[in-house]
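Q: I am new to this structure and would like to learn how to read its features one at a time. Could you take me through them slowly?

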Amino acid sequence: ASLCFLSCFLVSLTVLTMAKQIAVLFLILAVVIGRSSAFILSSPPNVNFGHLPPTTSLDMTVLSYNGKKKDFKPGTPLSKAVAALGVKPTYSCKKGDCATCEIFLAGRLTKPCVAKVPPEPKLKSLQEKGLEIRM
């Protein structure tokens, strides 16, 4: 049906000037492309359009040491956070060179003299229990 319409339309274009013919052809092409589902832009699935999921504790990271838990803002110096929990690492250089202050944070060796409190973990169990600190 659209092919017949297109051929009839092209015959009627012979009386128009060349510029008008090109303009009409582009218009027809735009309509044909617009009807094709291959050219329709759709949003990808699971796109977050600015609506943030509900958060707990205002995106605070929970750190725990010997059963004591506290909330800390991500990016806080880890040396201040561990001191608030009662952890007393030995500091020598305070630049991260000597590694005398190393502690385990969530199972990874970390230097609190230069490290920051990490962002809140994605796992719900870690959000509730907190990231464990061990000496």
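Q: Is Phe26 buried or exposed?
A: In this predicted model, Phe26 counts as exposed, because its relative accessibility is 56% and the cut-off for exposed is over 50%. This residue lies in helix α2, which covers residues 18-35. Together with Ile22 and Leu29, Phe26 makes a nonpolar surface patch of about 300 Å².

Q: Where, then, should I look for nonpolar residues that are buried together?
A: The general idea is that, in soluble globular proteins, nonpolar side chains tend to be buried together. Here the largest nonpolar core has 14 residues, and those that touch the most other members are Leu63, Leu78, Leu85 and Ile133. Two or more residues each come from β1 (61-65), α3 (78-84), β3 (103-105) and β5 (131-134), with α3 giving the most, namely 3 residues.

Q: Which residues does Leu85 touch, leaving aside those up to four places away in sequence?
A: With those set aside, Leu85 touches Leu63, Ser64, Tyr65, Lys68, Lys69, Lys70, Phe72 and Ile133. Two of these, Leu63 and Ile133, are named with Leu85 among the core residues that touch the most other members.

Q: How should I place such elements within the whole chain, and how many helices and strands are there?
A: The protein chain has 4 helices and 5 strands, and when they are read along the sequence their order is α-α-β-β-α-β-β-α-β. Of the chain's 135 residues, 22% are buried. The accessible surface amounts to about 10100 Å², and carbon and sulfur atoms hold 63% of that area. Among contacts with a separation of 6 or more, 46% join residues that are 24 or more positions apart.

Q: How many disulfides does a search of the whole structure find?
A: A disulfide is a covalent bond between the sulfur atoms of two cysteines. The search of this structure finds 0 of them.

Q: Why is there no such bond at Cys93 or at Cys113?
A: For Cys93, the closest cysteine sulfur is in Cys98, at 3.5 Å, which is too far for a bond, because the two sulfur atoms would have to be within 2.5 Å. For Cys113, the closest cysteine sulfur belongs to Cys101, and this distance of 3.5 Å is likewise too far for a bond. As for their surroundings, Cys93 is partly exposed at 24% relative accessible area, whereas Cys113 is buried at 19%.

Q: How far apart are Lys94 and Cys113, in sequence and in space?
A: Along the sequence they are separated by 19 residues, while in space their C-alpha atoms are 5.2 Å apart. Lys94 is in the loop between α3 and β3, and with a relative accessibility of 57% it counts as exposed.

Q: Which residue in that loop between α3 and β3 has a backbone angle I should look at?
A: Ala99 lies in the loop between α3 and β3, and its phi is positive, at about 65 degrees, although this residue is not a glycine. Ala99 counts as partly exposed, with 30% relative accessibility.

Q: What is the phi of Asn66, and where is this residue found?
A: Asn66, which is not a glycine, also has a positive phi, of about 50 degrees. The residue is found in the loop between β1 and β2 (68-72), and at 69% relative accessibility Asn66 counts as exposed.

How values were computed
Residues are numbered from 1 along each chain as its sequence is written. This is a predicted model: local features need pLDDT of at least 70, side-chain atom pairs count only at pLDDT 80 or more; totals for chains, interfaces and linings use all residues. Side-chain values use heavy atoms; hydrogens and water are left out. Buried means under 20% relative accessible area, exposed over 50%, partly exposed in between (1.4 Å probe, protein chains only). Contact means heavy atoms within 4.5 Å. Accessible areas come from the Shrake-Rupley method with a 1.4 Å probe; for residues, only the protein chains shown count as cover. A nonpolar core is a set of buried Ala, Val, Leu, Ile, Met, Phe, Trp, Tyr and Cys residues joined through side-chain atoms within 4.5 Å. Patches are made of residues with over 30% relative accessible area and no salt bridge: like charges are joined within 9 Å, nonpolar side chains (Val, Leu, Ile, Met, Phe, Trp, Tyr) within 5 Å. A salt bridge is a side-chain nitrogen of Lys or Arg within 4 Å of a carboxyl oxygen of Asp or Glu.
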